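The exercises below ask you to reason from coordinates to descriptions of packing and burial. Please work through each task before reading its solution.

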Amino acid sequence: MTYHPKSEFLTVMIERGFLADCTDYQGLDEALIAGVVPAYIGFDATATSLHVGGLIQIMMLRWLQKTGGKPIVLMGGGTTKVGDPSFRADERPLLTPEQIDANIAGIKAVFTAYVDFGDGPTDAIMSNNAEWLDDLNYLDFLRDVGRHFSVNRMLSFESVKSRLDREQSLSFLEFNYMILQAYDFMELHRRHGCLLQMGGSDQWGNIVNGIDLTRRILDDQVFGLTSPLLTTSDGKKMGKSVSGAVWLNADMLSPYEFWQFWRNTTDADVGRFLKLYTELPVEECDRLGALEGSQINDAKIRLANEVTTLLHGADAAAAAEATAREVFERGGAGEDLPTVTVSAEEAAGGLSIVQLIVRSGLAKSGKEAKRLIAEGGARMDDAALTDAGLVLQADALATPVKLSAGRKRHALVKLAD
């Protein structure tokens with residue numbers, strides 16, 4: 001990175017590792033210095049919660065607001081009906097309008113933890129592209145917008161080319177996605193003066209299309225900025241854990257499990273994640289990330305506390321740390337652990353340990369649970385489990401039972417009150 005920005009926002013993006021590329025560094029820098037820059041990131045409503053993979057984008061909107069910009073959260077109520085084909089091997093399943101609306105309602109709650117919404121010049125706003133996409137007249141859209149797109153150029157974008165090179169089907173429905181996203185940028189510019197679209201580096205082609213369309217139709221200059229697609233140092237996609245997606249909504253993943261995900265960060269990733277996902281000064285992130293031996297664990301706890309506090313609040317972070325200390329240091333069964341509650345009727349007939357391991361999320365299948373036991377990775381109340389045929393009777397569940405997979409993943413099983 002040879003460009004040295006004058007604006008605070010671009011400085012933060014570069015220093016903390018958010019920036020992969022920008023369409024015009026100097027032009028964007030000057031716009032940021034000149035006044036309030038409204039900028040948007042789009043989020044398609046494919047589930048009732050975003051997961052950790054989208055947190056880098058949310059943090060970018062947070063930093064934008066903290067440095068004097070105006071965040072626009074664009075919910076893809078319209079584009080979700082099409083599905084973004086970028087770097088996907090198959091077509092997304094189509095959702096009904098009711099499913100999409102329910103998903104948007106679930107996603108909205110997360111953003112209030114990161115940005116302030118309101119009517120002020122730098123207050124965030126939330127928009128839904130269904131407002132303008134649902135009412136488009138197809139023939140008018142083809143004539144007024146479609147004529148500005150070259151199919152030859154669209155085919156050259158890596159997100160499309162990679163799919164075609166593998167001879168995987170790309171439907172005409174999906175092929176339209178990049179035109180709709182370009183139209184979103186132009187429409188947000190027209191409605192809210194939006195000057196910047198941000199997104200992951202896989203969105204580069206879609207962002208450039210929006211810049212071109214805005215210039216061609218409105219003769220206005222807008223900008224694009226992308227963040228790197230994050231993988232952990234061991235090559236895994238950010239946002240996935242051993243037990244599945246790391247959701248941001250508390251009703252889909254408990255604050256304790258969220259905290260634990262960050263506590264389990266690989267040593268090599270600690271400094272980088274502190275810069276991206278917390279607001280600690282860069283120098284402190286570097287210092288913590290350089291710790292070695294047992295001290296790096298203190299840095300991981302700091303990371304987990306900072307990230308969990310931003311999303312779920314300081315009390316949730318403190319409770320998660322207390323639970324972790326009780327579980328790991330004193331062998332206890334912390335109350336905040338993921339809990340499976342079984343009815344007296346279920347317990348009366350006995351419950352297999354394999355079934356309980358699966359229900360608690362410590363294994364994805366009975367086969368995986370049996371393998372965990374066979375390999376010595378499963379424990380009950382901190383004692384090794386050796387019998388995959390074990391059946392727990394009701395009296396064994398009179399007090400909560402702690403199940404463990406490895407040293408770091410735990411759950412409670414208890415009888416319903």
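**Exercise 1. Burial of an aromatic pair**

Decide whether Trp262 and Phe273 are buried or exposed, and characterise the geometry of the ring pair that they form.

Solution. In this predicted model, both Trp262 and Phe273 are buried. The structure holds 9 aromatic pairs. In the pair formed by Trp262 and Phe273, the ring centres are 6.1 Å apart and the planes enclose 80°; since planes over 60 degrees apart count as edge-to-face, the pair of Trp262 and Phe273 is edge-to-face. Trp262 belongs to helix H12 (residues 255–263) and Phe273 to helix H13 (residues 270–277), so the pair ties together parts that are 11 residues apart in sequence.

As a further step, place the pair in its surroundings: Trp262 and Phe273 belong to one aromatic cluster together with Phe258, Phe261 and Tyr277. Helix H12 is itself mostly covered, with 7 of its 9 residues buried, and among these buried residues are Tyr256, Trp259 and Arg263.

**Exercise 2. Packing of two helices**

Determine how the axes of H10 and H11 cross, and which residues of the two helices meet.

Solution. Two packed helices are described by the angle between their axes and the distance between the axes. For H10 (residues 177–192) and H11 (residues 204–218), the axes come within 8 Å and cross at roughly 55°, which makes H10 oblique to H11. The crossing of these two helices is right-handed.

Next, consider the contact itself, to which H10 contributes residues including Tyr177, Phe185, Met186 and Arg190, while H11 contributes residues including Asn206, Ile211, Leu213 and Ile217. Sorted by character, the residues in the contact of H10 with H11 comprise 11 nonpolar, 6 polar and 1 charged.

**Exercise 3. Two charged residues**

Classify Arg62 as buried or exposed, do likewise for Glu283, and state which residues Arg62 touches.

Solution. Begin with Arg62, which lies in helix H3 (residues 55–66). Its relative accessible area is 16%, and because buried means under 20%, Arg62 is classed as buried. Leaving aside residues up to four places away in sequence, Arg62 touches Ala113, Tyr114, Val115, Glu279 and Leu310.

Turn then to Glu283, whose place is in helix H14 (residues 282–289). With a relative accessibility of 60%, Glu283 counts as exposed. Finally, the C-alpha atom of Glu283 is separated by 9.8 Å from that of Gly271, a residue 12 residues apart from Glu283 along the chain.

How values were computed:
Residues are numbered from 1 along each chain as its sequence is written. This is a predicted model: local features need pLDDT of at least 70, side-chain atom pairs count only at pLDDT 80 or more; totals for chains, interfaces and linings use all residues. Side-chain values use heavy atoms; hydrogens and water are left out. Axes are lines fitted to C-alpha atoms, for helices over the stretch in contact, and angles run from 0 to 180 degrees between N-to-C directions. Helices (H or I, at least four residues) and strands (E, at least two) are DSSP runs, numbered from the N terminus. Angles under 35 degrees count as roughly parallel, over 145 as roughly antiparallel, 65 to 115 as roughly perpendicular and the rest as oblique. A crossing is left-handed if the near helix is turned anticlockwise from the far one by less than a right angle, and right-handed if clockwise. Contact means heavy atoms within 4.5 Å. Ala, Val, Leu, Ile, Met, Phe, Trp, Tyr, Cys and Pro count as nonpolar, Asp, Glu, Lys and Arg as charged, and the others, Gly among them, as polar. Rings of Phe, Tyr and Trp (its six-membered ring) pair if their centres lie within 6.5 Å; planes under 30 degrees apart count as stacked, over 60 as edge-to-face and the rest as tilted. Buried means under 20% relative accessible area, exposed over 50%, partly exposed in between (1.4 Å probe, protein chains only).
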